[in-house]
Each structure stands twice: as C-alpha cells, then as structure tokens.
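Q: Please zoom in on a single part for me, the domain contact, and take it slowly. I'd like one connected walk through it, with the cut-offs spelled out as you go.

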Amino acid sequence: MQHYSRKTASLAGVLFGLVFGLLPQAAWGAGERPAQLKVGVFTFVSGPAASYGMPAKNAADLMFESLNAGGGLAGVRLEPVFVDEAQGTDAVVSEFRRLVTSRHVPVMIAALSSANCLALAPVAEQLKTPMIAWNCDTHHLFLKKKYRYVFRANTSTVPEFVAYAAYLLQKKADVSRVGIIDPDYAFGHDAAVIFSETLRRFRPDSKLVVELYPRLGSPSYSTEISRLLAAHPAVIFTNFWGADLENFVRQALPRKLFSQSLAVIALGTTVFEEFGQRFPQGAVVGVLGDGWYHSPAVRANPQAQRFIKNYQERFHQVPVFPAFKMANAVLVVEAAYRRALRENKGQWPDSERLARALEGLRVKTLTGPLTLRADHDGLTDQIVGVSRNVAGSPYPVMADMVRYPGELVTPPVDADPIQWIKTLPADYLERLPKPGSYGP
Amino acid sequence: MKGPRALLWVCLAAAAVAVALASPWASFILTVALAKGLAALGVALLLRAGLMSLGHALFYAAGGYGAAYLARWLGVTDLLLLLGAGFLSATVLGLFTGAVLVRYRAIFFAMLNLAASMVFFSLVTKLYNLTGGSDGMPLPVPTMFGLKPGQGLFYLTLACVFVCAGGLRRYLDSAMGQGLGAIATNEIRLEYLGISVNGLLFVNYAISAGLGGLGGALAAIAIGHVTPELFFWTTSAQLLLGAALGGAGSVAGPFAGMLLLEGVRTAASQYAPLLWEMAMGLCALAVALFVPQGLSGIVDLPQQWKRAVQ
Amino acid sequence: MKPILKAEDLQVAFGGVIAADRVNLTVLADEVLAIVGSNGSGKTTFVNVCTGYIKPRRGEVYFGNTALSRLHPRAITRLGIARAFQIPQLFAEHTVLENLLLAAAARRGFWRPFSAISRPCYLEEAREALGLLGLEGCASQRAAQLSEGTRKLVDIAMALALRPRLLFMDEPTSGVSSDEAIVIMEAVMGALARAGITTVFVEHDMEMVRRYAHRVAVWESGRVVAQGQPHGILHDSQIRESIAGMA
Ligand SMILES: Nc1ncnc2c1ncn2[C@@H]1O[C@H](COP(=O)(O)OP(=O)(O)O)[C@@H](O)[C@H]1O
Ligand SMILES: [Mg+2]
C-alpha cells in the first residue's frame, strides 16, 4: 500500500490557495460612496423550487435594470449578486458570509425558503448586515426573537392563511367538514393549523375529516385524491405550490374532486397560466399577500404597469406573485437607502444606519402599502378571491375579490399567533371588508 | 518517513491558518469543508473495505442534530460539549445501524444505508413539533469555557482534523486497518485467519459514524442551523464524491476532495452563480476520467505516463 | 499415537448429490495423512466440514473434546486448525509480506488499533514463515502479480504462520508443473515436520503420497473406502482402479 498523504496534502493546499487567490477582494471603506452597490439576492434558480424562484430572479433583474436606468441610488449603480438556494443551507450560509466579508456586499435580499431564512438570520445578525427576507413566511422567524438587522418584506403564514378562512366564513360557506392536503413540511403543517383554528374560532362545529401531508415532490396523488373523495369534505384546503400543485390539480380534475368539494387552492393563481380555462372554477385562490398583477391597486400604479409590461415582453409570462414579492423587496432596499441618505444629509449609510432606516419603513410597493413593523415583520394587505373564467381571457381571473387590510388580519407584535386566533372578537368578521368589495 | 510528512502537515496547517486570517469568510468555509472532510474520511474508511455507503449523511446529520438538541434541551452552548454530543449521538446510532448493516455487502449495503438515512430524513421532516420539521433547528453561538471563541471553532476544527487524521493514519497501519483492505479482497481468508469480518466491519462502521458525527457537529455549529436536508441522500452523495475525488487510498484524500468540492462550488458561485451544478459535475467528471484513483492519484500520473511511453 | 481429530458419521448432501456419506475418520497426532480419491468424491467437502465452511447434515467432528460442526471457521482457526486452499486465498492487493503480517497479527492479537502491523515481532514471524517456504525473494510483490505456484506457497505460508496444531492442505500441488510440485512439497513437508504440525493433505499425485504420507485414506462417492499404510493401499489393484480416473 502506498501512502500519498503528504503529496495530497500539499496538493490540496495549493488548490485551495489557487481558488482563493482567484477570488477578487474588493476594497471598501465605511461612509464612503461606493462605485456600485452590490445587493445579494438569494432565490432558487435550479431544482423543483425554481418554478417559484425563477420568476423572482427575473423580477430582480428587471427591477435593478430599471433602477439603474433611472440613475441608480444617488448616482450609485446597483448590481445584484445572485445565490442559488438549491445549493443547500450550508452553502447558502457560506455564500452569505462570503458576499459580506469577501465581496463586501452590504445588504441582502434573502431568502425564499423558510429554513434558509431561519439559518441566515443569526448570520446576518453576527455580520451586522441588513437582510431583507422576501418570501419565506414562517411565523417563527420573529416570534420570541429580536433582530437588529433582519427584516421581512412580506407577511408571515398567519395573516396569509387567516385570510382564506375569513373569506370562507364571510361567504358563509359550509365549513362543517374540512379536508386538508398540504405538502409535508413546515409550510404545510403551519398553514393547516392556522386555517383550521380560524375556522373553529367562529364555527366550533367545523371538523377536520381528512388531513393529508404527502411528501414534497410526489409524482402521484391518486391515493390522496381517493381519500379526499371518500371523506366527502365540504371544503378542501391546499397550499401546494410549484410542480406539486400542478400535479395535484391535473390529477384531481378528471376525478371531479373540485366539483364535489369547494376548493381553497391558496397558491392557485401561480398556475392560472398553466391550466388556462381548465382551472377549477369557483375555487378560492389568492396570492399570499397583495401581489396580484390585476388588482385595482396594481392597475392604478404606473410603475407596476411598466414592470408587468417589461416582464411579459422579456419572459413571455404574466408575473406571478413571487415576482411581485421580489420586486417589492428591491423597492424596500431602494427606499431604505433613500431614507438613510436623506436622514444622514446625503452621506452614504453604513450597515448600522441602513438598518435604522429600515426600521418602521413604509414603502409604496408595486402592489400596495408595506410597513416594516417594530418586530421587523412586514405588514401588507391580503387579497383573496375566487377563480372565474371570463370571455376574452385565456386563463381565469380572480373574481369576488377582497383586500383585507394587513393590520386586521395580522396578530400584534409579540402576540402568540394561535392564541390571538383563538381569542378573535366575536364581531371580527363583520369588521373585515366583504368579499367582492375590492375591484370590479 | 515520519519527519517530512509531519512537517508537511504542519505546513498545510500553517497555510490554512494564513488563508483563514486573510479572510474571515475563508475560515468559515475552511471549517465547513474540513468538517465535511472528517465525514468523508469516515466514508473513505468503509470504501477501503470495498463498501460504499450511500447513507452516511445519517451520521453527519445525527452529529448536527445531537449538538442542536443538547443546546435546545439543556441550554448548553459550550463548544466541546456540543461536539461531544454530536459525536456521541452519531456513534451510538452507528452502533445500532452498524450491528445490522455490516452483514450486507455491495449494492445491498449501499442501498440499506441509503434507506436508513432516508427513513430518518422523513421522520425528522414529519415530527415537526419535536424537530422543527423542514425549518430545522438553530444552534447557539458557541462558547468555549465561557468565552466567545471567535476563530476558535476554526482552530478546533483544524485540531480535530489533525487528531483524527493522525489517529487514523496510525490505525490504518495496524492490523485492524490493514484488515480493511483485506476485507475488500478476501473475506474468506480473513475468517480462516481467525478474524471476524463482520466484527471488524462493525468497529469500522462505528468509527466512520463517529467521524461523520464529529464533522456534522462542527459544520452545524459553524453554520448555526440544522435542517433535515442534512439527512437527504444528496448530502451522502456529496460525502461519497468528496471521498472518491480525493482518493480513499490516503488519509488526506477525503480532505483534499472536500476542499476541492467547496472550492469549485465557491468559484462557480463567484463566476457563474447559476451554473454551479454544472461546474461541480464537470469537475467530478474530469477527476473520474483523468485521475480515477482520485486527487491523491495525481502524484502518480507522471510515473504512469513514463511507463506508458516506455 | 493419540487421535487429534475424529470425524463421526458425517453426512453432507447438495441437493441430490451425497458429498459425504457416513464418513468416519480419525487423524492421529503428529501424522501426515493423505486423502486420495477421484474428482468429486468429496475430499474438499470433508476439509470444508472439518474447518467449519460447511455444516454437516448429520454427524460430528471432534477436535480433542471440542465439537466443531456448529463453529465458525474463525473459531475453529482459533482452536489451532489451519487450512490451505485448493484455489489460493490471498489478499490480492497486499504484498506477500503484508499477507503474512496479517496472519502473524491474527495469531498474536489482531484487535490493537494503534499498534503497527509491521512491529518487529510480527515481522519476524512473517519472515520466518516466508523463509520456511523459500519465499523471501517475493516478499514485496503484490499477491495479485504472483505465479500460480507461488500463490499456492504463500497460501500455505499463511496457514503456517498461524502455527496450527493441525493443518489441512487441499491439493497443494494442483495447477503446478510437476517439477515445481516436487520443490513445493519438499519445502512444505520439511517445514511441517520441523514444526511438528499434524497434516492432512488432499493429493492426486501418488508419488507425493508415497513420499510424504504416513497414512492414506481413500475416498469414493463421499465414502472412505479404505485407509492404511501408503504401500499397502497403493498396491491394492481395486483401489488403484477406483482412483485411476483422477491421475
Ligand atoms: N457448494 C456445492 N454445491 C453443490 N454441490 C457441491 C458443492 N460443493 C461440492 N459439491 C458437489 O459435491 C461433490 C463433492 O465435491 P468435492 O468435495 O468438491 O469433491 P472433490 O474435492 O473430491 O473433487 C461433487 O459432486 C460436487 O459437485
Ligand atoms: Mg477438491
């Protein structure tokens, strides 16, 4: 047997040295106006989650281009530095650290996945680098935790799924028998609890008759569909997304699952284009926030209209709501810098000043108002409606829309979300705007 | 023989420290790469016996989760205790799974390891209230004897690498270590020398699980978060790739392989962030095609060429 | 002389083939016993049963007072029974010396994780075993690169390195040219005699049997059909007939 260890060891040293020698090391001083502003952007551009992450990447490209076309930030050009979250949590953390310490990226838009947000938040804190979560919606992110540098430009699962339950309740839908089919990970389980607890608060007789959590990426849902059909629920709730949602809907359609039960397909709007007019009619759908490309607020916003037009021209698709979430996160970065510049008499902000500017920031996003609350969580409205085919449109639109104001569907800072749901006032539903009250 | 090799290891350590001092991020990525190298070393140990584990992520992840649970349940933040918890939980798990799995060979061994790790993956994902599900669990910023360690984790990792590599080098020179290669070529003869092949495999399985746990705990502490994806087969594949790229024939091989993988991934993220998968695939392919013995085989290439010419 | 190994009423069948049919045989201490018989008569099967590779359907083998039939090969090896194979069983990727070091270590204490296999006392034993068979010259060659004859010798050397009380050799000279065979047997039998190891060897070459065996047992269709002094047995025309096929 031969022993290579010493040669191998030196070889590894040389290789590693080479790799690091090749990496550019930028010079950067605090308070100095940089030649360009690098912004780390974390999303999925490969793997199954790319169906959701790619529209966001596209949106980021467009937003940074249009920002630069308008002269950048006080003359400073912005440059997105993309990181593929499909590399896994360890690599994502590593990239975050590298971007901060080696490439001096002062601000991050991260991340899509909740696991990555939870992993990155302490790192952002440690490196004192402002991080703006743009899609992850676990309500554990800010629960019982105080961060100085971590913010979220969207809402948590709580308002997102309270909204769907409220919509059903306001419409006086039969919620006596509820079936749930969610992906088998935190997002699915959290949503199931929030949705069913909200129903039970106002309709204590509401029963979960079937609860299914197929694993992420299952190719076939035939047994699940059989069980849903057999259980005869009045309402079926799902927060599937991406390929899982497509597979589920595609397999459930011929088996008439959606004619038997009223479907709540929380992320249904993301596959409108995919299914066209075959998408189940009258299903309750939404956008986990206010990112509906056809909402009155968006139609009245010239910047949003330009964004949609550019997006469609470049990518030949309608921007689904992850695209809006990313676009809005870029606007949050822009607004924070503008505020920091304003409040520091034009002096370029360091990360501390940027973080202070993010606090309590109010931004008029492409899709509506956004406030960063005291706990750094985002507060936005929630749009819910039903799918409906209309003449002249190749795919369904959202009809019977309602726009719930963020502060009405979001638990107050530091409140335990489930406790908050369980103790919602009896007249809560009457205080909410009515389905159909938003838009045409 | 001993003198110059020790000297080169010292030089390597010095190089690593220099790189780490030059860039704080480098110390992080070196920590993670070396931690994964420890786990890959465990995989390589079994490769020597001709056994390919497609599920070694199980122990890597167990190390990370072991440390995370100690912090979560007992509020422990001490680095050494966390490491100990990770190492122990992986080793204990290795003793249980090993007791069953060392009876199998070849594809059965590979697949059963894979199955074991995927069972844990599903469990950890499903038992949301106990494990944090897909969101995972945080690890605290560690302390060392009550102090904030700063770069301490990197140096501790380096120390672990040296102790483990040194220990394993000696171990591989022992009869038990040499017996590993003997398992790969002739189990019957080993039995007829009076040696229990499965017993020897069991010991090595436990050692390799322990190495996986130690690496997993170090990486998890560095990263600060564990997720079920640690248990996923892609993590196992990465460890196996690192071991194979570096060459299972030497103790330094798996570290070289893991450093190369992390280096390539980092360089790809730098220059072609959307093509990192392709870059890693090409790199693996290049090594497989041109240096089938792994990186540690590169040093033999000139001799081989010479021989080919003659 | 005292019996060292006693096979009683052994029965082995593979499907319909009876490979051992009520075999009774005693091996005496310090003797050299040759087993002869035509191909497929069950000679290897007998060796396999005695060394734990095959469990007999009936019957028992006693080594002293110990019953062997339920023991693993490794346990039998540890009792002091070693075996050389019809097809050499070596560690192909190790050198000849490393092969013998493993054998020496296996005898002296294998489970020591931090004691080098090349420590002097193991080296000495390994070299000694090589020396007995004149193998010093190829100590640093890889086992896979050796000629068939040398592989046979190394295989025997590994069994010798275990310093057994009883050694089974299954056709030590098959596949080896007859010139080579003489050299091998001379070396092996000399070494065994010097070490005082009781030996059972399966052999096709009657010349070798005549030269080295104290006693012969003749196998036919899984049965021992005759046993006795070589000159008596080998002159029996009926027996010559029965083993003629093997030549
Ligand atoms: N593992 C086995 N499976 C099936 N048949 C076997 C096996 N081993 C031996 N046999 C059969 O048992 C008989 C005795 O074989 P063996 O002991 O190898 O004979 P010998 O060594 O005398 O040539 C032969 O007929 C052989 O085909
Ligand atoms: Mg035979």
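A: Here is the domain contact, followed by a few backbone and salt-bridge details from the same chain. Bear in mind that this is a predicted model, where local features need pLDDT of at least 70 and side-chain atom pairs need pLDDT 80 or more, while totals for chains, interfaces and linings use all residues. As for bookkeeping, residues count from 1 along each chain as its sequence is written, chains are lettered from A and ligands numbered from 1 in the order written, and side-chain values use heavy atoms, without hydrogens or water.

Chain A splits into domain 1, made of 2-155 plus 300-376, and domain 2, made of 158-287 plus 382-431 (the bounds come from an automatic or database domain assignment). Each domain is thus listed as two stretches of chain A. Going by C-alpha atoms, the centres of domain 1 and domain 2 of chain A sit 30 Å apart.

So what does the join look like? On one side, 23 residues of domain 1 of chain A are in contact with 24 residues of domain 2 of chain A (heavy atoms within 4.5 Å). The two domains of chain A bury about 1,700 Å² between them, and carbon and sulfur atoms give 57% of that (accessible area, 1.4 Å probe, lost on putting the parts together and summed over both).

There are charges at the join too: 2 salt bridges run between domain 1 and domain 2 of chain A (a Lys or Arg side-chain nitrogen within 4 Å of an Asp or Glu carboxyl oxygen). Glu160(A) and Lys325(A) form a salt bridge, with 3.8 Å between the closest N and O atoms. Between these domains of chain A you'll also find 5 residue pairs in polar contact, both residues at pLDDT 80 or more (N or O atoms within 3.5 Å, one able to donate a hydrogen and the other to accept it; sequence neighbours count only through side-chain atoms on both sides).

On the domain 1 side of chain A, helix 2 (50-69) and helix 13 (321-343) are the elements that give two or more residues (DSSP runs, H or I of at least four residues for helices, E of at least two for strands). Helix 13 of chain A gives the most to that side, with 3 residues. By type, the domain 1 side divides into 9 nonpolar, 9 polar and 5 charged residues (charged is Asp, Glu, Lys and Arg; nonpolar is Ala, Val, Leu, Ile, Met, Phe, Trp, Tyr, Cys and Pro; the others, Gly among them, are polar).

Helix 2 leads to a backbone detail: Ala74(A), in the loop between helix 2 and strand 2 (77-84) of chain A, has a positive phi near 50 degrees despite not being glycine.

Finally, Asp381(A) forms a salt bridge with Arg403(A), closest N and O atoms 2.8 Å apart. That pair ties the loop between strand 13 (378-379) and strand 14 (382-388) to strand 15 (397-404) of chain A, across 22 residues.
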